[in-house]
Amino acid sequence: MAWSASQYVKFEDERTRPARDLLAQVPLTELRHAIDLGCGPGNSTELIIDRYGAQNVSGLDSDLNMLEAARKRLPGTAFVEADLSTWQPSEPADLLFANAVFQWLPNHLDIFDRLMDGLAPGGVLAVQMPDNLGESSHLMMEETAHAGPWRTAFEKKSVRRNGLAPPSTYYSRLTVKSSRIDIWHTIYNHPMDNAAAIVEWVKGTGLRPYLDHAGEEHREAFLADYLDRIERVYPKTADGKVLLKFPRLFLVAVKA
């Protein structure tokens with residue numbers, strides 16, 4: 001699945017806010033090396049640099065389009081292509097930071113366990129993941145997927161990603177290697193201009209695998225069907241806008 005940095009940054013302020021909230025809870029006043037995992041176009045990397053200095057921060061992503069955008073944004077920062085399902089730091093890191101990437105990896109609990117081994121003592125694994133599969137924005141993707149001439153593709157193979165585990169599962173898995181764990185949920189309610197803006201938002205993330213699976217010949221019809229459903233389930237507020245409810249799970253684990 002290819003990503004589009006230009007589509008992603010259409011809502012950069014909203015997408016960066018959870019990264020800012022996550023970084024605010026990282027209990028490190030200084031560090032030698034921080035790595036932004038799944039750095040995307042570099043918006044989260046920039047936050048880490050602002051706090052700890054450019055010489056101490058690098059980033060990685062598996063998508064070349066995202067890496068190109070990140071390098072243009074932060075030309076003095078090292079960005080490398082890597083697969084997080086198998087990647088491990090070459091030397092112990094002080095901060096492994098991941099904003100909205102691990103929800104795409106079904107085995108992320110195993111990955112977290114491995115990444116804890118890649119931290120220096122007192123180092124931090126800081127992760128944020130969308131926890132919104134039960135929201136209308138994603139439920140309507142499933143309804144659309146099974147409603148049109150493209151539905152046979154989805155009957156043969158689902159593209160719906162796995163939901164997140166309960167907080168207790170993450171706590172139990174990480175506590176073995178941690179001296180401190182902080183886990184919380186935040187629900188954002190983003191004011192959007194209209195239902196079409198919600199569609200534009202998810203085109204950069206959750207809707208991408210659905211559009212890819214439906215096929216280019218069905219893309220516009222799929223989007224039209226999805227927009228119609230979004231318009232029906234997101235009522236307008238007093239000023240004519242709609243609120244996009246977006247729950248996210250955060251965790252910060254300090255290595256023992």
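These legends accompany close-up views of a predicted model.

**Figure 1. Trp201 and Phe246 form a tilted aromatic pair.** Seven aromatic pairs turn up in a search of the whole structure. In the pair of Trp201 and Phe246, the ring centres are 5.8 Å apart and the planes meet at 50°. That angle counts as tilted because stacked planes are under 30 degrees apart and edge-to-face planes over 60. Trp201 belongs to helix α9 (residues 195–203) and Phe246 to strand β7 (residues 242–255), so the contact ties together parts that are 45 residues apart in sequence. Trp201 is buried, with a relative accessible area of 1%. Phe246 is buried too, at 7%. Arg248 lies over the face of Phe246, 3.8 Å from the ring centre.

**Figure 2. Strand β7 pairs with β5 and β6.** Strand β5 (residues 119–130) runs antiparallel to β7, and seven bridges join them. Met129 has Leu249 as its bridge partner in β7. Strand β6 (residues 178–192) also pairs with β7 in the antiparallel sense, over 14 bridges. Here Met192 stands opposite Val242 of β7. Of the 14 residues of β7, twelve are buried, so the strand is largely enclosed by the rest of the structure. One residue of β7 is Phe246, the ring partner of Trp201 in helix α9.

**Figure 3. Strand β2 is largely enclosed by the rest of the structure.** Strand β2 covers residues 57–61, and five of the five are buried. Val57, Gly59 and Asp61 point one way from the strand. Ser58 and Leu60 point the other way. Residues on both sides are buried.

**Figure 4. Strand β2 pairs with β1 and β3 in the parallel sense.** Strand β1 (residues 34–37) and β2 pair over four bridges. Ile35 stands opposite Ser58 in β2. The pairing of β2 with strand β3 (residues 78–81) also runs over four bridges. On this side, Ser58 stands opposite Ala78 of β3. Ser58 thus appears in both views of the pairing, opposite Ile35 and opposite Ala78.

**Figure 5. Helices α3 and α4 take part in right-handed β-α-β connections.** Strand β1, helix α3 (residues 43–52) and β2 make a right-handed β-α-β unit. From β2 the chain crosses through helix α4 (residues 64–73) to β3. This β-α-β crossover is right-handed as well.

**Figure 6. One cavity of 30 Å³ or more is found in the structure.** The largest cavity has a volume of about 60 Å³. Its lining includes the aromatic residues Trp104 and Tyr210. Also in the lining are Leu133, His138, Val159, Arg160, Arg161, Gly206 and Pro209. Two lining residues, Trp104 and Arg161, are in contact as charge and ring: the charged end of Arg161 sits over the ring of Trp104, 5.4 Å from its centre.

**Figure 7. Trp150, Phe154, Tyr210 and Phe222 form one aromatic cluster.** Tyr210 links this view to the previous one, as a member of the cluster and of the lining of the largest cavity.

**Figure 8. Glu155 is an exposed residue of helix α7.** The helix spans residues 151–156. Glu155 has a relative accessible area of 54%. Ala145 is ten residues from Glu155 along the chain, and their C-alpha atoms are separated by 8.9 Å.

Terms used. Residues numbered from 1 in each chain as written. Predicted model: local features only at pLDDT ≥ 70, side-chain atom pairs only at ≥ 80, totals over all residues. Heavy atoms only, no water. Phe/Tyr/Trp six-rings, centres within 6.5 Å; stacked < 30°, edge-to-face > 60°. Helix = DSSP H or I, 4+ residues; strand = E, 2+ residues; numbered from the N terminus. Buried < 20%, exposed > 50% of the residue type's maximum accessible area, 1.4 Å probe, protein only. Lys NZ or Arg CZ within 6 Å of the ring centre and 35° of its normal. Pairing = 2+ DSSP bridges. Right-handed = clockwise from strand over helix to strand, strands pointing away. 1 Å grid on protein atoms, 1.4 Å probe; cavity = no way out; pocket = protein on both sides within 12 Å on 5 of 7 lines; lining within 4 Å. Points joined across faces, edges and corners; volume = space filled by probe spheres on them.
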